[in-house]
Amino acid sequence: MKNRIKNGVLIIECLDHDDPGSEGKFLSHLFMLLSVPHQYVQVQTRYQMLALLQNSPYKIIHITTHGSVDKRDTFLGFWTQDGTINKKLLSKLEGKLDGYIIVSTACMSANVEFRNDFTSITLCDYFIAPTGSPYFHNSVFFSHIFYHKYFVLEKDVETILKEYTGKYKNPHN
């Protein structure tokens, strides 16, 4: 399976009417500038997102949506307009993301329990996500740096994340 995955990015975006902009469209434009193969798809439902996740032609899947949280701010899963992709629904992805890199900018999606469930169920190589609730401009700032280093400088994921942690400060804050 890993040998059939093309280098590029599938952008899966689920927008809310209150969103300040489209992170997915920003990414699509960035990838055009970098000459990176990509596909941008806007979804509305859990099942659209799940179908795309298990059929990505590209090695990297970038999920741009909101994080669903409970009253105690515990991350429950990825938000869609018709509900949440939680651990139970992740079972539909069992073993289907072996060899993939998943980048999520959903708030709090690096929750330890969800991250461990996601990686053990899907078998993805990497699950990169925020622990907190990043502002829109911080999400695109991180994405720009991450993808430039990955595609242009050809650095591996672990090196990129080590270099990013603690080094970059967004001047827009």
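How many helices and strands does the secondary structure of the chain come to? The answer is six helices and eight strands, and the legends below walk through them in a predicted model.

**Figure 1. The whole chain, from the N terminus on.** Follow the trace from its start and you meet the elements in the order β-α-β-α-β-β-β-β-α-β-α-β-α-α. The C-alpha trace spans about 40 × 40 × 30 Å along its principal axes. For 173 residues, a compact globule would have a radius of gyration near 16 Å, and the 15 Å of this chain agrees with that. Of those 173 residues, 44% count as buried. Among contacts with a separation of 6 or more, 73% are between residues 24 or more positions apart. As for the outside, the chain exposes about 9,100 Å², and carbon and sulfur atoms supply 51% of that area.

**Figure 2. The five-stranded open sheet.** Here the strands lie in the order E2-E1-E3-E7-E8, with parallel pairing. At the edges you will find E2 (38-42) and E8, each of which pairs on one side only. From one strand to the next, the twist averages 15°. As a general reminder, strands of a sheet pair through backbone hydrogen bonds, either parallel or antiparallel.

**Figure 3. Strand E1 beside strand E3, with helix H2 packed on the sheet.** Strand E1 (residues 6-13) and E3 pair in the parallel sense, and six bridges hold the register. To find your place, look for Lys-6, whose bridge partner in E3 is Tyr-58. Another pair to look for is Ile-12 with its bridge partner Ile-63 in E3. Helix H2 (residues 46-53) packs on this sheet and touches E1, E2 and E3. The direction of H2 makes about 175° with that of E1.

**Figure 4. Strand E3 and its pairing with strand E7.** Strand E3 is mostly covered, with six of its seven residues buried. E3 (residues 58-64) pairs with E7 in the parallel sense over four bridges. Two residue pairs help you read this view: Ile-60 has Ile-101 of E7 as its bridge partner, and Ile-63 stands opposite Ser-104 in E7.

**Figure 5. Strand E7, its side chains and the route to strand E8.** Which residues of E7 point one way, and which the other? Ile-101 and Val-103 point one way from the strand (residues 101-104), while Ile-102 and Ser-104 point the other way. All four of these residues, on either side, are buried. Strand E7 also runs parallel to E8 (residues 126-128), joined to it by three bridges. In this pairing, Ile-101 stands opposite Tyr-126 in E8. Between E7 and E8 the chain passes through helix H4 (residues 112-122), making a β-α-β crossover that is right-handed.

**Figure 6. The three-stranded open sheet.** This sheet has the order E4-E5-E6, and its pairing is antiparallel. Strand E4 (67-69) and strand E6 (83-85) stand at the edges with a single partner strand each, so one side of each has no neighbour in the sheet. The twist averages 55° from one strand to the next. Strand E4 is joined to E5 (residues 75-80) by three bridges, and the two run antiparallel. A handy landmark in this pairing is Gly-67, which stands opposite Phe-78 in E5.

**Figure 7. Two helices lying across strands E5 and E6.** Helix H2, already met in Figure 3, lies across E5 and E6 and runs at about 20° to E6. Helix H4, the helix of the crossover in Figure 5, also lies across E5 and E6. The angle between H4 and E5 is about 65°.

**Figure 8. Ser-143 and its contacts.** Is Ser-143 buried or exposed? With a relative accessible area of 0%, Ser-143 is buried, since buried means under 20%. You can find Ser-143 in helix H5 (residues 136-152). Leaving aside residues up to four places away in sequence, Ser-143 touches Glu-23, Leu-27, Leu-30, His-62 and Thr-105.

Technical notes:
Residues numbered from 1 in each chain as written. Predicted model: local features only at pLDDT ≥ 70, side-chain atom pairs only at ≥ 80, totals over all residues. Heavy atoms only, no water. Buried < 20%, exposed > 50% of the residue type's maximum accessible area, 1.4 Å probe, protein only. Pairing = 2+ DSSP bridges. Right-handed = clockwise from strand over helix to strand, strands pointing away. Axes fitted to C-alpha atoms, helices over the stretch in contact; angles between N-to-C directions. Contact = heavy atoms within 4.5 Å. Rg over C-alpha atoms; globule rule 2.2 N^0.38 Å. Areas by Shrake-Rupley, 256 points an atom, 1.4 Å probe, with all protein chains shown as cover.
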